[in-house]
Amino acid sequence: MKLQNNKYVQLFFMSCVIILAMTFVLDFADFLDDHSENVVKLGINPQCNAARAICSASIMNEGNFQRISFTIKKSVSNIKELDMMSTVSGFDLEGIESVAVLFETLDKEGDSPVILLTPDKTSHQIVPEKWHAVAQLAAIEDKNARKTDMSSDWRVIVRLQSSKKEYRAEFPFQF
């Protein structure tokens, strides 16, 4: 009877229950982390400006070196258009279903349309590595403003959808 009313024994049993609960929660969190996320984030390099250089993000995924490179330029034929080029490598085993680009401004909220890049089939590869698109940003189309809003900081999100996972890389740019 004394053992049952002892506060140290009660504290010991309560500690055991807490430790078991924490172990279960951590194991469950590891399980969810391994199985719930199909998006592989390649990260962002804040030092690279995609309007002035070719920016790349890469990872080692299951023994394969995978890289997404991206560059953007103002189109020569039309100043309001942006010419985008992405090179993806290391996705041969998975296959690429689509490569899409999404623009975000860092200082304003708003949705930008998703721009699908088309594969360059001149190299006759089974899984194309070069992807291209020409598009207009809403900030460039603004006819009421005297200056375009291309001086603000932008972020380009490149999403690559393979047959197994979605890959995501972010690149800043400013004209």
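In which sense do strand β3 and strand β4 pair, and over how many bridges? In this predicted model, strand β3 (residues 64-74) and strand β4 (residues 81-89) pair in the antiparallel sense, and 8 bridges join them. Within this pairing, Thr71 has Met85 of β4 as its bridge partner.

## Overall architecture

The protein chain contains 3 helices and 9 strands, and along the sequence these elements follow the pattern α-α-β-β-β-β-β-β-β-α-β-β. Of the 175 residues in the protein chain, 33% are buried. The surface that the protein chain exposes comes to about 12,000 Å², and carbon and sulfur atoms supply 55% of that area.

Contacts across the sequence can be described in a similar way: among those between residues at least 6 apart in sequence, 56% join residues that are at least 24 apart.

## The sheet

The 9 strands form an open sheet with mixed pairing, and their order across the sheet is β1-β9-β8-β5-β6-β7-β4-β3-β2. The edges are occupied by β1 (39-44) and β2 (55-61), each of which pairs on one side only. From one strand to the next, the twist averages 20 degrees. As a general point, strands of a sheet pair through backbone hydrogen bonds, in either a parallel or an antiparallel arrangement.

## Strand β7 and its neighbours

Strand β7 lies between β6 and β4 in the order of the sheet. With β4 it runs antiparallel, and 7 bridges join the two strands; here Leu82 stands opposite Ala135 of β7. On the other side, strand β6 (residues 115-119) pairs with β7 in the antiparallel sense over 2 bridges, and Thr118 stands opposite His132 of β7.

The side chains along strand β7 (residues 130-136) alternate between two faces. Trp131, Ala133 and Ala135 point to one face and are buried, whereas Lys130, His132, Val134 and Gln136 point to the other face and are not buried.

## A salt-bridge network between β8 and β9

A search of the whole structure finds 2 salt bridges. In one of them, the side chains of Arg155 and Glu170 meet at 3.5 Å, N to O; this pair links distant parts of the chain, with Arg155 in strand β8 (residues 154-162) and Glu170 in strand β9 (residues 166-173), 15 residues apart. Arg168 and Glu170 also meet through their side chains in a salt bridge, at 3.4 Å, N to O. In general, side chains of opposite charge can pair when their charged atoms come close.

How accessible are the residues concerned, Arg155, Arg168 and Glu170? Arg155 counts as partly exposed because its relative accessibility is 24%, and Arg168, at 26%, likewise counts as partly exposed. Glu170 has a relative accessibility of 17% and therefore counts as buried, given that the cut-off for burial is under 20%. Through salt bridges that share partners, Arg155, Arg168 and Glu170 are joined into one network.

## A nonpolar patch on the surface

Which residues make the nonpolar surface patch of about 410 Å²? The patch is made by Met14, Val17, Ile18 and Met22. Of these residues, Met22 is placed in helix α2 (residues 7-35), and Met22 counts as exposed because its relative accessibility is 51%, where the cut-off for exposed is over 50%.

Terms used. Residues are numbered from 1 along each chain as its sequence is written. This is a predicted model: local features need pLDDT of at least 70, side-chain atom pairs count only at pLDDT 80 or more; totals for chains, interfaces and linings use all residues. Side-chain values use heavy atoms; hydrogens and water are left out. Two strands pair if DSSP finds at least two bridges between them. Helices (H or I, at least four residues) and strands (E, at least two) are DSSP runs, numbered from the N terminus. Axes are lines fitted to C-alpha atoms, for helices over the stretch in contact, and angles run from 0 to 180 degrees between N-to-C directions. Patches are made of residues with over 30% relative accessible area and no salt bridge: like charges are joined within 9 Å, nonpolar side chains (Val, Leu, Ile, Met, Phe, Trp, Tyr) within 5 Å. Accessible areas come from the Shrake-Rupley method with a 1.4 Å probe; for residues, only the protein chains shown count as cover. A salt bridge is a side-chain nitrogen of Lys or Arg within 4 Å of a carboxyl oxygen of Asp or Glu. Buried means under 20% relative accessible area, exposed over 50%, partly exposed in between (1.4 Å probe, protein chains only). Contact means heavy atoms within 4.5 Å.
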